[in-house]
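User: Can you walk me through how the parts of this protein pack together? Short answers are fine.

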Number of protein chains: 2
Amino acid sequence: MKFVCPVPRLKYDQVQMVHGAGGMAMGQLIDDMFLAAFDNPLLRCRDDAAVLPNQWAVSTDCFVVDPIFFPGGNIGTLAIYGTVNDVAVSGATPRYVTAGFILEEGFSMVDLRVIVASMREAADDAGVQIVAGDTKVVPRGKADKIYINTTGLGILQGPALSVHRIRPGDLLIVSGTLGDHGIAVMSQREGLSFETDVTSDCAALFDLVQLAVDQGKGAVHACRDATRGGLVAVLHEFAQASHTFIQLHEAQIPIRESVRGACEMLGIDAMNVANEGKLVLAIAPEGADAVLRAWQSHPLGRQSAIIGEIHDEGVGVVINTRFGTQRVLDLPVGEPLPRIC
Amino acid sequence: MKFVCPVPRLKYDQVQMVHGAGGMAMGQLIDDMFLAAFDNPLLRCRDDAAVLPNQWAVSTDCFVVDPIFFPGGNIGTLAIYGTVNDVAVSGATPRYVTAGFILEEGFSMVDLRVIVASMREAADDAGVQIVAGDTKVVPRGKADKIYINTTGLGILQGPALSVHRIRPGDLLIVSGTLGDHGIAVMSQREGLSFETDVTSDCAALFDLVQLAVDQGKGAVHACRDATRGGLVAVLHEFAQASHTFIQLHEAQIPIRESVRGACEMLGIDAMNVANEGKLVLAIAPEGADAVLRAWQSHPLGRQSAIIGEIHDEGVGVVINTRFGTQRVLDLPVGEPLPRIC
C-alpha cells in the first residue's frame, strides 16, 4: 500500500498566529508567498542554511520568544544558538553572526545588558564572532520588549548535508529528550505558568554534528535541529523533500516524564514541541551504531536513540505506538505553542 | 585653534526612541552596550559592513518604517536597497541577501504580497539573490504590521573602503539632493501628513560606488550612504573615526526647494534627514574631479556636488553658511524623524 498523507490547501486573507508556528500554515505561506516571489536555486533547496557557491553556509532567524527570560536561557541565548545550529546542521562550521535588534520604547536597559551578555557568552561557547549589528526602536506597544534577528555564516569543509540526500533504508537518530525547550518557556508564560523542573535545552550543536560526520562518514545524509514544530515538523520536511515515508517507534523516543506530564496537562504532544538543543539525523544503517555511540558519550547526546526508519512506500509519517497500534502523525496547521523562539 | 565638539554622556534606565534615531544616543548605546559586550576586531571597525577574512563583506539592518507604503517605495524596497547599499559602500559587490520577517497577526496578505514583490524587484535591480529567510508572527498589538530584517553579503575585489582611510585634505562629495526619503515618508505619516511632490530616493548605489572606485582609483577613501541621521550623522562618523575636522559649504549642498520647505515647516534641518539613495564620499583631491564628472553623468548622481573638505585641526563638523557666518553642526541626540527606515 502506498501511504500518502493528504495535505489540505489553507486560505487566509490575513496573517494569523499559525503562520509563524512551524506547521502546515507556515509551510504554505513560505511556499506561496516567499519562495514564489524570491525563487532561485539556492533558496529552493529549503535546507536550514543556504549553501553559497564559495562553500559558505548562511542562515537567518528572528527571535520573538515570550517570555524573554525562561529557565535555562533568554532570548539572547536563543538568538545565538538557534542560528548557529541552523548553520551547523548543514555540516558547516559556524564562524560569524550578525545581530539586529528591534527594541520597544521603555525596555529596561538592565534586561538588555543581561541579554547582550548572554549573547556574548553563547557566541564564545559556539566559537562565533558577532561582526555586524543594527538597532531600531519602536514606540511603546509596537513590539513586545525586544525582538532579535541573527544571521549566521559558516564554512563547509565537505559536501553539505541536505534533506535531498535522504534515502529509503536510512535510520533516524534523535540526540536526546524532546520538548524540553517549549515546556520550559510555557511554564513561565503569563496566564499559563505552572510548576516544572524542566529547563530549556538550548545549546550549540556543532560538536554533535561534527561527531556524526566524523563517525558516520558518508552515511550521514541529513541533519536538522528540531525547533519550531518539533520532531514532527522535521520529519515532515524529511518526508516531503525526499519523497519518503517515515515510520517511528514510540517506545524508543526519549521524552522526560516531567515534559510528558506537562504536555498531558496542556493537551499537546511532546513530538510537536520545540527544542533548541536536539538534532534529528537521517543516516544509512552502516553508520548508525558508530554515531549513536559517539553521541551517547557526549554531554549533549547522552540520551540519543534510534527512533525510526525511512521507507519508500509513500510520503508521510506514522508511529507504532506503545500499545502496538499505528497512527498517522499529521503535520499540524501550527505548532500548539506560539512564540516559543 | 584646535576645534573639538563637546560630547555629553547620556544616561538612560530605559530604551527611548532616540536610541534608534541615528544620533548621539544611538551611538552611545552601540558603544556602551553592544560593542562593549561583543567586542572583536571585525566589529570594532564600525564600518557599515564588516569585512571578513575571505574578502566577503556583511551587513545587517532591521526595517521598521512607518508608514510601510510611501511615495517612491515601501518597506520591502527599503529592506533590499538599505542593506545592499551598506554592503556596497565598503566597495564590495552585493551578491546575496537573507530576509527575516516579523509579522503582526491580522496583517493583510495582499499588502504582504505587494511588499514581497517589491523585494524581488529591488533584488533583481541590485543584482542580488534572496537565499534564506525566516517568518515569525506575533499577536495583534505586539508589532506594527511588518518588520523586516535583511542581511547582505558581497565580495570585495580590492581593499575595502573605510572611514579609517580618511585623511586631512580629502574632499567630500555628495551624490545628490538631501532629505528626500525622510520627507517622503513623513508626508504620509499618520497625524502629520502634508502635501509634497517629494518621493523617496531609495535606490541601489553599487553602480555609483563602482564608478567612484574606477574613476577615483586609490583616491577614494571612504563612502557611506547617508541614511538614519542624514548627512550630519555620516560626517560625524567620518570625523570621529579619522580624528579630523570637517568644514562644509552650505551654498554647495544640494537640497530640493520642496524638501527645504517641508523641513522649515517641520522645524528640522534637511542635513539631519535620512536618505536612501545618496552617497557621501571622502576622496583625495586628485581623484575628485573625475568622480564628480562620472557621477554627474549617471542617472542617480546628476546633482552630485563637492560640499566640503577635511582638516586636521580637531574633531567635529562646522558649516560656512550662505550668510558668510560659520556654525557648528552638532550630532543631534536623535534624528528628528523617528521610524524612517
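Analyst: Here is a quick run through the domains and their contact; the model is predicted.

User: Where are the domain bounds in chain A?

Analyst: Domain 1 of chain A covers 49–160, and domain 2 covers 163–328. Their C-alpha centres lie 23 Å apart.

User: How many residues does each domain put into the contact?

Analyst: Domain 1 of chain A gives 22 residues and domain 2 of chain A gives 21.

User: And how much area do the two domains bury between them?

Analyst: About 1,700 Å². Carbon and sulfur atoms carry 63% of that.

User: Which residues of domain 1 lose the most area to domain 2?

Analyst: P71(A), N85(A) and V89(A). Together they make up 32% of what the domain 1 side buries.

User: Switching to polar chemistry. How many salt bridges cross the interface?

Analyst: The rule finds one between domain 1 and domain 2 of chain A. Five residue pairs are also in polar contact across that interface, both residues at pLDDT 80 or more.

User: Back to domain 1, then. Which elements supply its side of the contact?

Analyst: α3 (75–88), β6 (93–104) and α4 (109–126) of chain A each supply at least two residues. The largest share comes from α3(A), with seven residues.

User: What's the mix of nonpolar, polar and charged on that side?

Analyst: The domain 1 side that touches domain 2 of chain A has 13 nonpolar residues, six polar and three charged.

User: One more. What distance separates D66(A) and R189(A) in their salt bridge?

Analyst: Their side chains meet at 3.4 Å, N to O.

Note on methods: Residues are numbered from 1 along each chain as its sequence is written. Chains are lettered from A and ligands numbered from 1 in the order in which they are written. This is a predicted model: local features need pLDDT of at least 70, side-chain atom pairs count only at pLDDT 80 or more; totals for chains, interfaces and linings use all residues. Side-chain values use heavy atoms; hydrogens and water are left out. Domain bounds come from an automatic or database domain assignment. Contact means heavy atoms within 4.5 Å. Buried area is the accessible area (1.4 Å probe) that two parts lose on being put together, summed over both. A salt bridge is a side-chain nitrogen of Lys or Arg within 4 Å of a carboxyl oxygen of Asp or Glu. A polar contact is a pair of N or O atoms within 3.5 Å; within protein, one must be able to donate a hydrogen and the other to accept it, and residues adjacent in sequence count only if both atoms are side-chain atoms. Helices (H or I, at least four residues) and strands (E, at least two) are DSSP runs, numbered from the N terminus. Ala, Val, Leu, Ile, Met, Phe, Trp, Tyr, Cys and Pro count as nonpolar, Asp, Glu, Lys and Arg as charged, and the others, Gly among them, as polar.
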